[in-house]
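Reader: I've got the coordinates open and would like to know what the labels rest on. Can you walk me through them?
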Amino acid sequence: MKRVIFHQFGKPSDILTVEEVTKHSPGPDEVLIRVLASPINPSDVMFVQNLYGIRPQLPSGAGFEGVGIIEEAGANAKIAVGTRVSFTAIGSWSEYVITNHRTLIPVPDAMTDDVAAQLFVNPFTAVAMVEESGVKEGEWLMVTACASALGKMVIQICKMRGIKTIGTVRRNDLNDELQALGLTEVINTEEENLPKRVQHITKYEGVKAVLECVGGQTAADAVKCLGRGGIMLIYGLMSLQDPTVNFGLMVFRELTLKGFWLTDWMKRTNAATRQHVSEEVLTLLSTGQVQMPIEAIYSLEDIKNAVIHAEAHGRWGKVLLKP
Ligand SMILES: NC(=O)c1ccc[n+]([C@@H]2O[C@H](COP(=O)([O-])OP(=O)(O)OC[C@H]3O[C@@H](n4cnc5c(N)ncnc54)[C@H](OP(=O)(O)O)[C@@H]3O)[C@@H](O)[C@H]2O)c1
């Protein structure tokens, strides 16, 4: 079977190769899945560069999630062969993967492969972070890099909950689409003074929460946008630049800056909360209430062009790999 592999850390388009490897049988708690589609997410790209929270064991597969059909199930995996499932596994950019049966989410018929392939990483994070932000109907939530797949989900979830959103972008060409999704106010950080605009929009109250994934100057400015007792959930670092944070503001507004990592959230939350978030994600995506657009589809063999496209500016949707 074909699998995308890297033997050293580095720029994905330089080091990823497609290799023929042996297809194994699953262990008792595992399943063998024939992969139908898998997205290229920023976390996948960071993993290949050894910039992620899990260190790759070289040589390593790449890609963390996807959708596929169960081809073989271990003795303890109570799931029928032939079931279409969304899964997580290290090495999802492959014709087949083996993963623990506990990571599987059976996919409703109404959900397309393109949506099911992206079911876990961004949708769970978006719903869980909006919950964890504590922002209520009528209050302001800010999301940086809001044209990202995750940002677009947050905008749509907030709209449904009556939460007002401010989103930052670094280019203006997607503003109409973002506002059509439900974004209340858009701010271009390349052209505008972020804290000043936010103070004006919120009538000097500031926002209740910021969901932040850019870092650098955007993150430093975003802290200044928080109102008294506000919280910033930090879930990414797209610029790879650590911000300088104003401690005075943190003290005198009693702000909270907190990291958010879905991997740890899955471990620290109770089963009832995980179930609640899972049901909300499945409903939002299978009913089409939340859109998850696709930008392009590539084969595994075209992995270099696929990762270059995924890292390019100006995308509206995800890049998917289909074996
Ligand atoms: N902590 C967690 O558990 C968790 C889970 C899921 C996702 N995430 C994080 O969420 C973030 C978004 O993921 P995604 O899949 O939604 O991403 P995506 O769809 O690939 O979009 C990436 C976005 O980041 C913007 N961007 C890239 N570099 C930037 C920079 N230097 N300054 C400002 N904006 C920049 C891009 O803007 P342009 O379009 O202008 O290029 C684009 O809007 C990533 O950081 C990812 O790691 C974290």
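Author: Happy to. This is a predicted model, and a good place to begin is an open sheet of three strands, in the order 2-1-4 with antiparallel pairing.

Reader: What makes strand 2 and strand 4 edge strands?

Author: Strand 2 (17-20) and strand 4 (60-61) each pair on one side only, and that's what earns them the name.

Reader: How do you know that strand 1 and strand 4 pair?

Author: Pairing takes at least two bridges found by DSSP. Two bridges join strand 1 (residues 2-6) to strand 4, so the pair meets the cut-off. The two strands run antiparallel, and isoleucine 5 has glycine 61 in strand 4 as its bridge partner.

Reader: Why is the protein chain called as compact as a globular protein of its length?

Author: The chain has 12 helices and 16 strands. Its radius of gyration is 20 Å, and the globule rule gives 20 Å for 323 residues, so the chain is as compact as a globular protein of that length. The C-alpha trace spans about 60 × 40 × 35 Å along its principal axes, and 43% of the residues count as buried. Of the contacts with a separation of 6 or more, 66% are between residues 24 or more positions apart.

Reader: How do you know that the length of helix 5 fits its number of residues?

Author: At 1.5 Å a residue, the 13 residues of helix 5 (residues 149-161) should span 18 Å; the end C-alpha atoms are 19 Å apart, so the two agree. Just after helix 5, glycine 162 has a positive phi of about 75 degrees.

Reader: What makes helix 5 mostly covered?

Author: A residue is buried if 20 or more other C-beta atoms lie within 10 Å of its own. In helix 5, 10 of the 13 residues are buried, among them Leu150, Met153 and Ile157, along with Lys152. The cover includes helix 4 (121-133), strand 9 (140-143), helix 6 (175-181) and strand 16 (318-321).

Reader: Which residues come nearest to the ligand?

Author: Of the 25 residues around the ligand, Ser148, Leu150, Gly236, Ser239 and Leu262 come nearest. Helix 2 (42-48), helix 4 and helix 5 are the elements that give two or more residues to the shell, and helix 4 gives the most, with three.

Reader: How many residues of each class does that shell have?

Author: There are 13 nonpolar, nine polar and three charged residues around the ligand. Glycine counts as polar here, so Gly236, one of those that come nearest, goes with the polar ones.

Definitions and conventions. Residues are numbered from 1 along each chain as its sequence is written. This is a predicted model: local features need pLDDT of at least 70, side-chain atom pairs count only at pLDDT 80 or more; totals for chains, interfaces and linings use all residues. Helices (H or I, at least four residues) and strands (E, at least two) are DSSP runs, numbered from the N terminus. The expected span of a helix is 1.5 Å times one less than its number of residues. A residue is buried if 20 or more other C-beta atoms lie within 10 Å of its own, exposed if 12 or fewer, and partly exposed in between; C-beta atoms are placed from the backbone. Two residues are in contact if their C-beta atoms, placed from the backbone, lie within 7 Å. The radius of gyration is taken over C-alpha atoms; the globule rule is 2.2 Å times the number of residues to the power 0.38. A residue is near a molecule or strand if its C-beta atom, placed from the backbone, lies within 6 Å of it.
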